[in-house]
Amino acid sequence: MRQRPQAAPCGAPGHEAGPHQRVDGDIARAFELLGKRWTGPIVSVLIGGPAFFGDLRRAIPGISERMLSDRLTELGAAELVVREVHGGPPLRVSYRLSEAGAALEPVFTELARWARAHLSEGEQPIAG
């Protein structure tokens, strides 16, 4: 019978040598969507309520119109954001969180709390 090789200890106190764990599939799927650049800030703004495209662009410094449009399309396809067209003139488009998107509010609240406690104010996020 062939024995499974043991993984080397990670070096952290209290950790025993053993096989490495794999990332949870649900976490991987969530970060595949929410971990994309600009997605977090877009959802964060929409947690505050519906917003027109131009208002979103102004609320998120540095995002291009193309990137905002792409991310909103992805979030719509994932059923986290709802796009609504308002008759004009001029024709205007607003975005709001769906029920599934709004369910992210406690997650974002905790993430902001963590960032305040553990990231220095001047620390810049890693470009992605």
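Start by selecting Glu84: its bridge partner is Ser94, which sits in β3. Keep in mind as you go that this is a predicted model.

**The sheet around Glu84**

Now colour the strands. You should see an open sheet of three strands in the order β1-β3-β2, paired in the antiparallel sense. The edge places go to β1 (51–52) and β2 (81–86), each with a single partner strand, so one side of each has no neighbour in the sheet. Zoom in on β2 and β3, and you can follow their antiparallel pairing across six bridges.

Go back to Glu84 and show its side chain. Which residue does Glu84 meet in a salt bridge? Select Arg96: the two side chains come together at 2.9 Å, N to O. Glu84 belongs to strand β2 and Arg96 to strand β3, so this pair ties together parts that are twelve residues apart in sequence. With relative accessible areas of 28% for Glu84 and 31% for Arg96, Glu84 counts as partly exposed, and so does Arg96.

**Just past β3**

Next stop is Ser98, in the loop between β3 (92–97) and α5 (99–102). Buried or exposed, what is Ser98? Its relative accessible area is 12%, and since buried means under 20%, Ser98 is buried. Turn on the side chain of Ser98 and look for the backbone oxygen of Glu79, which it reaches at 2.6 Å. Setting aside neighbours within four places in sequence, the residues in contact with Ser98 are Glu79, Leu80, Val81 and Val82.

**Zoom out**

Time for the whole view. The protein has six helices and three strands, and from the N terminus they run α-α-β-α-α-β-β-α-α. Of the 128 residues, 21% are buried. If you show the surface, you are looking at about 10000 Å² of accessible area, with 54% of it belonging to carbon and sulfur atoms. As for contacts between residues at least 6 apart in sequence, 43% join residues at least 24 apart.

**Helix α1**

Select residues 25–34 to pick out helix α1, where you will find Ile27. Add Val23 and Phe31 to the selection: together with Ile27 they form a nonpolar patch on the surface, with about 330 Å² of accessible area. Ile27 itself is partly exposed, at 44% relative accessibility.

Stay in this helix and select Asp26 and Arg29. They form a salt bridge, their closest N and O atoms lying 2.9 Å apart. The two are three residues apart in helix α1, which means about one helical turn separates them. Arg29 is exposed, at 56% relative accessible area.

**Helix α3**

Now jump to residues 53–59, helix α3, for another pair: Asp55 and Arg58 are three residues apart here, about one helical turn. Their side chains meet in a salt bridge at 2.6 Å, N to O. Check the surface around both: Asp55 is partly exposed, with 32% relative accessible area, whereas Arg58 is exposed, with 64%.

**Last stop: charged pairs**

Why might you go looking for such pairs? Because side chains of opposite charge can pair when their charged atoms come close. How many salt bridges are there in the whole structure? A search finds eight. To finish, select Lys36, Arg71 and Glu74, which are linked in a network of salt bridges.

Technical notes:
Residues numbered from 1 in each chain as written. Predicted model: local features only at pLDDT ≥ 70, side-chain atom pairs only at ≥ 80, totals over all residues. Heavy atoms only, no water. Helix = DSSP H or I, 4+ residues; strand = E, 2+ residues; numbered from the N terminus. Buried < 20%, exposed > 50% of the residue type's maximum accessible area, 1.4 Å probe, protein only. Contact = heavy atoms within 4.5 Å. Areas by Shrake-Rupley, 256 points an atom, 1.4 Å probe, with all protein chains shown as cover. Patch = residues over 30% accessible without salt bridge, like charges linked within 9 Å, V, L, I, M, F, W, Y side chains within 5 Å. Salt bridge = Lys/Arg side-chain N within 4 Å of Asp/Glu carboxyl O. Polar contact = N/O pair within 3.5 Å; in protein donor to acceptor, adjacent residues only side chain to side chain. Pairing = 2+ DSSP bridges.
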